[in-house]
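This report looks at two buried positions and the contacts that link them. Please keep the coordinates open while reading.

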Amino acid sequence: LRYDWTGANELNWYVSTGVTYTGVTFNQPATYPSGENVVVPGTTLLRYRQPGYGLVDAQIGVKKDSWSASIFGDNITNSNASQFTSSAQFIRSETVVRPTTYGLRLTFDY
């Protein structure tokens, strides 16, 4: 969602937010053995169920002529969801989503 408006001194303001959802998935095909409840993997080919998760991002900014500035927040709910689970090193390992990130973005178009 994004809302734009023009303020004083012909500054063009905007506020936006976005929500993404990734549904339940598996890291391997159904023919692979399940890795659930396996403490020490004996193979690198285990199948793990990866739960669904949602991420929320937001931004507020201003633009005039060829420059713009914005303040943003990514993953503002600080979800700690797993993007990928694997037993590739004979241990269960997970790659998690990037933690909450805030920042300032300045741009100039020439």
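In this predicted model, Gln-50 touches Gly-23, Val-24, Thr-25, Asn-27, Gln-83, Phe-84 and Thr-85, when residues up to four places away in sequence are not counted. Gln-50 itself lies in strand S4, which spans residues 49-50, and because its relative accessible area is 3%, under the 20% limit, Gln-50 is classed as buried.

One of the residues that Gln-50 touches is Thr-85, whose place is in strand S7, residues 82-86. Thr-85 also counts as buried, because its relative accessibility is 1%. Leaving out residues up to four places away in sequence, Thr-85 touches Asn-27, Tyr-48, Gln-50, Arg-92, Ser-93 and Glu-94. Asn-27 thus appears among the contacts of Gln-50 and among those of Thr-85; the C-alpha atoms of Thr-85 and Asn-27 are 6.6 Å apart in space, although 58 residues separate the two in sequence.

The polar contacts of these two residues involve both backbone and side-chain atoms, as set out below.

| Polar atom of | Partner | Distance |
|---|---|---|
| Gln-50 side chain | Thr-85 backbone nitrogen | 2.8 Å |
| Gln-50 side chain | Gln-83 backbone oxygen | 3.4 Å |
| Thr-85 side chain | Ser-82 side chain | 3.2 Å |

Read together, the side chain of Gln-50 has a polar atom 2.8 Å from the backbone nitrogen of Thr-85 and a polar atom 3.4 Å from the backbone oxygen of Gln-83, whereas the side chain of Thr-85 makes its polar contact with the side chain of Ser-82.

Notes:
Residues numbered from 1 in each chain as written. Predicted model: local features only at pLDDT ≥ 70, side-chain atom pairs only at ≥ 80, totals over all residues. Heavy atoms only, no water. Helix = DSSP H or I, 4+ residues; strand = E, 2+ residues; numbered from the N terminus. Buried < 20%, exposed > 50% of the residue type's maximum accessible area, 1.4 Å probe, protein only. Contact = heavy atoms within 4.5 Å. Polar contact = N/O pair within 3.5 Å; in protein donor to acceptor, adjacent residues only side chain to side chain.
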